[in-house]
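Colleague: Could you take me through the reading of aromatic pairs, salt bridges and surface charge in a model of this kind?

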Amino acid sequence: MQKIINIDGKDVLFKTSGGFFKRYKTQFKRDPISDIFSLVDIQNENGEIDLRNFDVEVLQDICWALAQNADKSIAPPEEWLDQFEEFPIADIIVELMDLIIRSISSSIEPKKNMTRGNLKSF
């Protein structure tokens, strides 16, 4: 899945794929799933983004990995971020949240007999 977001007057392509998770872990030495779930918790019950307990670096790293996944020629994270005079975190997270959530969710319905109690130990 891909999405273009205009950041500081520049169109930036973001892309999810199986390689995104590996690329993120290799670059940042952190678990991408844990970092993504930390983003999910910033939306309050009214659907508003609450940035008080938010690690900006996590979002910047996810943005870079999604952009690099779309375009292998982009600069390393710090250089890539330096090209933007403005990097509106709240706006970007709203735009990318669907893309991020889809990267970790499944479109396949689990089979009825595939419950934890029905799995055999090996």
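**Reading side-chain contacts**

Modeller: Phe20 is buried, as is Phe21, and this is a convenient place to start, with the reminder that we are looking at a predicted model.

Colleague: How is a pair of aromatic rings described?

Modeller: In general, the description of two aromatic rings rests on the distance between their centres and the angle between their planes. For Phe20 and Phe21 the ring centres are 5.1 Å apart and the planes stand at 65 degrees, so the pair is edge-to-face, given that angles over 60 degrees are read in that way. Trp80 and Phe87 are likewise an edge-to-face pair, with 6.0 Å from centre to centre and 80 degrees between the planes. Trp80 is buried, and Phe87 is buried too.

Colleague: How many aromatic pairs does the count come to, and which residues form one aromatic cluster with Phe20?

Modeller: The count comes to 7 aromatic pairs. As for the cluster, Phe20 is joined in it by Phe21, Tyr24, Phe28 and Trp64.

Colleague: Turning to charged side chains, how many salt bridges does the structure hold?

Modeller: The idea is to look for a side-chain nitrogen of Lys or Arg within 4 Å of a carboxyl oxygen of Asp or Glu, and the structure holds 3 such salt bridges. In one of them Lys3 is paired with Glu95, their closest N and O atoms being 3.5 Å apart. Because Lys3 belongs to strand β1 (residues 2-7) and Glu95 to helix α5, this pair ties together parts that are 92 residues apart in sequence. Lys3 counts as partly exposed, at 29% relative accessibility, and Glu95 also counts as partly exposed, at 34%.

Colleague: Which residues are linked with Arg30 in a network of salt bridges?

Modeller: The network links Arg30 with Asp35 and Asp61. The side chains of Arg30 and Asp35 meet at 2.7 Å, N to O, and the closest N and O atoms of Asp61 and Arg30 are 2.7 Å apart as well. The pair of Asp61 and Arg30 links distant parts of the chain, since Asp61 sits in helix α3 and Arg30 in the loop between α1 (18-28) and α2, 31 residues apart.

Colleague: Is Asp61 buried or exposed, and what of its partners?

Modeller: Asp61 has a relative accessible area of 6%, and because buried means under 20%, Asp61 is buried. Asp35, at 10% relative accessibility, counts as buried by that cut-off, whereas Arg30 is partly exposed, with a relative accessible area of 25%.

Colleague: Which residues form a negative surface patch, and where does its largest share come from?

Modeller: A patch takes in residues that have over 30% relative accessible area and no salt bridge, and here Asp55, Glu57, Glu78, Glu79 and Asp82 form a negative one. Its largest share, 3 residues, comes from helix α4 (residues 77-82). Asp55, for its part, is found in the loop between α2 (32-40) and α3 (56-70), and with a relative accessible area of 42% Asp55 is partly exposed.

Colleague: How far from Ser17 is the C-alpha atom of Ser103?

Modeller: The two C-alpha atoms are separated by 7.1 Å, although Ser103 and Ser17 are 86 residues apart along the chain. Ser103 has its place in helix α5 (residues 89-104) and, at 16% relative accessibility, counts as buried.

Definitions and conventions
Residues are numbered from 1 along each chain as its sequence is written. This is a predicted model: local features need pLDDT of at least 70, side-chain atom pairs count only at pLDDT 80 or more; totals for chains, interfaces and linings use all residues. Side-chain values use heavy atoms; hydrogens and water are left out. Patches are made of residues with over 30% relative accessible area and no salt bridge: like charges are joined within 9 Å, nonpolar side chains (Val, Leu, Ile, Met, Phe, Trp, Tyr) within 5 Å. Accessible areas come from the Shrake-Rupley method with a 1.4 Å probe; for residues, only the protein chains shown count as cover. Lys and Arg count as positive and Asp and Glu as negative; His and the chain ends are not counted. The place of a charge is taken as NZ of Lys, CZ of Arg, CG of Asp or CD of Glu. Helices (H or I, at least four residues) and strands (E, at least two) are DSSP runs, numbered from the N terminus. Buried means under 20% relative accessible area, exposed over 50%, partly exposed in between (1.4 Å probe, protein chains only). Rings of Phe, Tyr and Trp (its six-membered ring) pair if their centres lie within 6.5 Å; planes under 30 degrees apart count as stacked, over 60 as edge-to-face and the rest as tilted.
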